[in-house]
Amino acid sequence: MRRMFITQIALLIIFSSVFTGMVFFTDVYDEVYTRIVSVTCLSCIKLDPKTSSEFLFETATGENHPEFVLENLSRGPVFIAYRKDVCTYCDEMEPLIMSILNITFEKEDVFYKIINFKGNNITFIHINRDHASKVLTDSLHIYDKDKVNGVPMFTFVTINYDRDGVVKPYYTTLYAKLGLKNDEEIKNYLTKILEESISLYNDNKAGYKP
Amino acid sequence: MKLQIKRLVSQLFFLISANLGAIGLKTGFCYPFFYCNACPAATSACPIRSIEVGVSKAEWKWKLILYPFAIIGAVGIISGRAVCGWACPIGFLQRATSRFPRWLKQKIPFIKKLGQHKIEKKLRYTKYLVFISLVIVTPILVGFMFTDICPVGVLTGTIPILILNPGKYIPNSFFYIALFIFILFIVLILLIERGWCRYFCPVGAMFAPFNKISFLHITVNLDKCILCNACSDVCPMGIDVPNMNRDPECILCGKCIDVCPKQIIKFEKV
């Protein structure tokens, strides 16, 4: 009886110390929040969002486009790929992006790269939410036009004239596997959106004042 | 207040607590029970998902592995598997459906016989197998995770998302497999009382060993037992209550305490 009680007390101290220690002295609380709770992995909910490639001026939150996007937009369209470390669809989509853009990267990488795509400059930004800074991770909500709050998410930012005749950032966002099943279809669709972004950019860049 | 009413209040409290995300309360804790973080109203993370993310493709994120174990360990050492009986929303669901399997057991003798067959006890080890194989081994080796096909995820994540966003989503490649497993889950809990907790729940598998050493447990004074078997008849987990002695299957629901005519079954706190 006494030995049992000592074991119980010892185990209670061990488990509760590990728990409180982890919460107060490590970033596990934030890690669980950002990796698991705050953004849904679209393959986990067993659903794909039905989405359109319609371009918009107004961001999803009504905020301004992030500074890091505006800076790169002066060079050409910006293509952002959002992901998390553990995400089946992200793992399936990224080789297709690498093949379209003819680049290689690791899933943990957070980087931007200026790429020559069919003779035009585009900026590719890879944001892994589990490793990126707050500014970068928060931009997911700014571009989450269908309020899906999930990854993988792909945003294309270009420029266009608005109703007032002012050239402004113009974006669209696609999710998961874009509602397509076949790799070739996905690649063709992504290429089409990139080409559309470039065409809009080239048509309107004369009037763009960053 | 009667014990079962207290339990109902507790289950309602935890069901509401698990869904405070609906009013914007999202935390970085793991639930100490089974509930899906993909639920639009979820407050915290599923402990199973945290472990899977931690072990996925042998990348060994130790914090994410240790964290849910520490939470479940701390709760388990205090109250054993009482969480399954008093807090888990899926346990609550099975409490709500429990009349049907009880009625079936009375009407169809075959089901009663099946429940008493010696293989039934062995089947209870399935949940440990599910935990080790689908929560630990397949995420390490191939990246396939239990949560990709989890019926609780379908119930508390996929279905609410579909209801709240009509026409916004289409099924993905895991959907039909998960839906099939979800249908089996519903059939199971309608055929066997607490069928999910008994045979498949990986969180129950994590809690079960703590029954052997938890502070809170149920004892039977065998010297005064009249062997009426009323306790075993009422037990939702199908335990032979007089002989259970800290049975890993006991969810400490207290139904045996309520029904004992001699009042010799009680909660012990050490």
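**Sheet and helix packing in chains A and B**

Helix H5 of chain A, formed by residues 134-143, lies across strands S3, S5, S7 and S8 of chain A and runs at about 105° to S3(A). This arrangement, like the others described here, is taken from a predicted model. A second helix of chain A, H4 (residues 88-101), lies across S3, S4, S5 and S7 (153-161), with a direction at about 155° to S3(A).

The strands crossed by these helices belong to an open sheet of 5 strands in chain A, ordered S4-S5-S3-S7-S8 and mixed in its pairing. Its edges are formed by S4 and by S8 (167-175), each of which pairs on one side only. On average, and with direction ignored, neighbouring strands of the sheet are turned by 25° against each other.

Both senses of pairing can be illustrated at S5(A). Strand S4 (residues 111-117) and strand S5 (residues 120-128) of chain A are antiparallel and share 7 bridges; within this pairing, Phe111(A) has His126(A) in S5(A) as its bridge partner. The hairpin of S4(A) and S5(A) has 2 residues between the strands, and Lys118(A) adopts a positive phi near 50° there. By contrast, strand S3 (residues 78-83) of chain A runs parallel to S5(A), to which it is joined by 6 bridges. Here the bridge partner of Val78(A) is Thr123(A) of S5(A).

Contact between the two chains was examined at a pair of helices. Two packed helices are described by the angle between their axes and the distance between the axes. For helix H2 of chain A (residues 28-37) and helix H2 of chain B (residues 47-55), the angle is about 95° and the axes are 11 Å apart. Because angles of 65 to 115 degrees count as roughly perpendicular, H2(A) and H2(B) are roughly perpendicular to each other. H2(A) contributes Val32(A), Arg35(A) and Ile36(A) to the contact, while H2(B) contributes Arg49(B), Ser50(B) and Val53(B). Of the residues in this contact, 3 are nonpolar, 1 is polar and 2 are charged.

In chain B, helix H9 (residues 126-141) has a kink of about 25° centred on Ser133(B). The buried residues of H9(B) are Lys127(B), Val130(B), Phe131(B), Val135(B), Thr138(B), Pro139(B) and Ile140(B). These buried residues pack against four helices of chain B, namely H2, H3 (62-79), H12 (195-199) and H13 (202-207). Just after H9(B), Gly143(B) has a positive phi of about 80°.

Technical notes: Residues are numbered from 1 along each chain as its sequence is written. Chains are lettered from A and ligands numbered from 1 in the order in which they are written. This is a predicted model: local features need pLDDT of at least 70, side-chain atom pairs count only at pLDDT 80 or more; totals for chains, interfaces and linings use all residues. Side-chain values use heavy atoms; hydrogens and water are left out. Axes are lines fitted to C-alpha atoms, for helices over the stretch in contact, and angles run from 0 to 180 degrees between N-to-C directions. Angles under 35 degrees count as roughly parallel, over 145 as roughly antiparallel, 65 to 115 as roughly perpendicular and the rest as oblique. Contact means heavy atoms within 4.5 Å. Ala, Val, Leu, Ile, Met, Phe, Trp, Tyr, Cys and Pro count as nonpolar, Asp, Glu, Lys and Arg as charged, and the others, Gly among them, as polar. The bend at a residue is the angle between axes fitted to the seven residues ending there and the seven starting there. Buried means under 20% relative accessible area, exposed over 50%, partly exposed in between (1.4 Å probe, protein chains only). Two strands pair if DSSP finds at least two bridges between them.
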